Amino acid sequence: MVWVDQFLIKYPELAVFLAISLGYLIGGLKLGGFGLGPVTGSLFAGILIGQFAHVPIAGMAKSLLFLLFLFGIGYSVGPQFLQALKRDGMKPVLLAVVVCVTGLLMAVVVAKILGLDPGFAAGLLSGSLTESPAMGTATEAINALPLPEADRARFVAHIAVADAVCYVFGAVGVILFCSVVGPRLLGIDLVSEALKLEKEYGITRKAVGVSSAWHRFEIRAYQIAEGAPVAGLSMAAAEATYPEHRLFIQRLRRGGAQSSRRPRRS
């Protein structure tokens with residue numbers, strides 16, 4: 001496999017695209033309805049590729065991609081956070097502080113007990129909290145340490161390994177806690193509480209004038225009986241007779257002649 005190592009070192013951009021492609025393939029696999037997702041899949045793919053080739057990635061590329069990742073997260077989550085802050089006041093801020101402080105303290109305690117190096121400890125923090133931005137912050141912090149270059153490179157590599165492993169448990173743990181452990185600790189029925197919350201926020205299952213897009217039959221043909229309300233009307237007039245229903249007439253056969261709807265001119 002020496003040729004693989006030399007090829008990916010010569011063309012490192014192909015290694016990046018290969019990690020993304022394999023990541024989507026791995027992340028798309030589901031076991032019992034659970035999948036890793038493209039982010040975790042790409043991390044595992046990167047670890048796998050690293051076993052065959054030590055691909056050098058420029059520091060500028062790492063910083064640029066990390067900043068793009070932060071921008072994407074902020075762009076998608078920022079408006080939701082501000083809306084929640086406006087609606088619920090300081091509750092989201094307090095929750096964020098509690099989660100950050102608790103997660104950091106637990107990561108430090110576990111790292112001390114297990115004797116983890118800074119790389120593994122940072123990966124434990126980012127993976128268990130499913131906070132990938134912490135990887136970039138930890139990488140910058142480790143590169144600023146007064147250590148030999150080889151030690152810094154090893155610690156940075158350990159971040160991705162620990163994050164990929166702990167990310168799975170962090171995601172599954174949150175799902176199990178919120179769906180099973182949390183309701184039992186609070187002594188509530190999750191389904192009934194969700195329905196009660198829907199009523200409080202005015203959420204209805206079926207809105208007036210809105211119907212499902214799924215229909216068993218998409219096109220039907222009818223024979224209009226003599227004396228029917230739409231008998232003798234044009235297609236447009238027949239549709240306008242029942243504005244509250246989804247009535248669309250595509251073709252009309254009257255006697256031996258057949259006519260179709262013409263597109264409207266704007």
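Biologist: Is glycine 23 buried or exposed?

Modeller: This is a predicted model, and glycine 23 sits in helix H2. Buried means under 20% relative accessible area. Glycine 23 has 0% relative accessibility, so the residue counts as buried.

Biologist: Which residues is glycine 23 in contact with, leaving aside its neighbours within four places in sequence?

Modeller: Glycine 23 and serine 42 are 19 residues apart in sequence, yet their C-alpha atoms are 3.5 Å apart in space. Serine 42 is accordingly on the contact list of glycine 23. With sequence neighbours within four places left aside, that list reads Gly37, Pro38, Gly41, Ser42 and Ala45.

Biologist: What pattern does the protein follow along the sequence?

Modeller: The protein has ten helices and four strands. Read along the sequence, they give α-α-β-β-α-α-α-α-α-α-α-α-β-β.

Biologist: What percentage of the contacts with a separation of 6 or more is accounted for by residues 24 or more positions apart?

Modeller: The protein has 266 residues, and buried residues make up 20% of them. Among contacts with a separation of 6 or more, the share from residues 24 or more positions apart is 49%.

Biologist: Which residues lie closest to the centre of the largest pocket?

Modeller: The largest pocket holds about 2,000 Å³ of space. It is lined by 45 residues, and those closest to its centre are Leu43, Ile57, Lys62, Met135 and Ala160.

Biologist: Which element gives the largest share of the lining of the largest pocket?

Modeller: Helix H2 (12–28), helix H3 (37–50), helix H4 (59–88), helix H7 (133–143) and H8 each supply at least two lining residues. The largest share is nine residues, and it comes from H8.

Biologist: How many residues of the lining of the largest pocket are nonpolar?

Modeller: Sorted by class, the lining has five charged residues and twelve polar ones. The nonpolar count is 28.

Biologist: Which element gives the largest share of the largest nonpolar core?

Modeller: The largest nonpolar core has nine residues: Leu43, Ala122, Met135, Ala138, Ile142, Phe155, Val156, Ile159 and Ala164. Two or more of these come from each of H7 and H8. The largest share, four residues, belongs to H8.

Biologist: How many residues does the second, separate core have?

Modeller: In soluble globular proteins, nonpolar side chains tend to be buried together. In this model a second core is separate, with Leu8, Ala15, Ala19 and Ala53 among its members. Its residues number six.

Biologist: Which residues does phenylalanine 155 touch, not counting those up to four places away in sequence?

Modeller: Phenylalanine 155 belongs to the largest nonpolar core, as does Ile142. Ile142 also appears among the residues that phenylalanine 155 touches. Residues up to four places away aside, phenylalanine 155 touches Asp117, Pro118, Gly119, Ile142 and Leu147.

Biologist: Which side chain is joined to that of histidine 158 by a polar contact of 2.8 Å?

Modeller: Histidine 158 is in helix H8. Its relative accessible area is 16%, so histidine 158 is buried. Outside its neighbours within four places in sequence, histidine 158 is in contact with Asp117, Gly119 and Phe120. The polar contact of 2.8 Å is made with the side chain of aspartate 117.

Biologist: Is valine 172 buried or partly exposed?

Modeller: Helix H8 (residues 149–186) also contains valine 172. The C-alpha atoms of valine 172 and serine 128, 44 residues apart along the chain, are separated by 9.8 Å. Because its relative accessibility is 26%, valine 172 counts as partly exposed.

Biologist: Which residues does alanine 84 touch, not counting those up to four places away in sequence?

Modeller: Alanine 84 is found in helix H4. A relative accessible area of 16% makes alanine 84 buried. Beyond residues up to four places away in sequence, alanine 84 touches Gly89 and Pro92.

Biologist: What is the phi of threonine 130?

Modeller: Threonine 130 lies in the loop between helix H6 (118–128) and H7. With a relative accessible area of 29%, threonine 130 is partly exposed. Although threonine 130 is not a glycine, its phi is positive, at about 50°.

Biologist: What distance separates the C-alpha atoms of alanine 221 and arginine 251?

Modeller: Alanine 221 is in the loop between helix H9 (190–200) and helix H10 (235–241). Alanine 221 is exposed, with a relative accessible area of 78%. Along the chain, alanine 221 and arginine 251 are 30 residues apart, and their C-alpha atoms are separated by 9.2 Å.

How values were computed. Residues numbered from 1 in each chain as written. Predicted model: local features only at pLDDT ≥ 70, side-chain atom pairs only at ≥ 80, totals over all residues. Heavy atoms only, no water. Buried < 20%, exposed > 50% of the residue type's maximum accessible area, 1.4 Å probe, protein only. 1 Å grid on protein atoms, 1.4 Å probe; cavity = no way out; pocket = protein on both sides within 12 Å on 5 of 7 lines; lining within 4 Å. Points joined across faces, edges and corners; volume = space filled by probe spheres on them. Nonpolar A, V, L, I, M, F, W, Y, C, P; charged D, E, K, R; others polar. Core = buried A, V, L, I, M, F, W, Y, C linked by side-chain atoms within 4.5 Å. Contact = heavy atoms within 4.5 Å. Polar contact = N/O pair within 3.5 Å; in protein donor to acceptor, adjacent residues only side chain to side chain.
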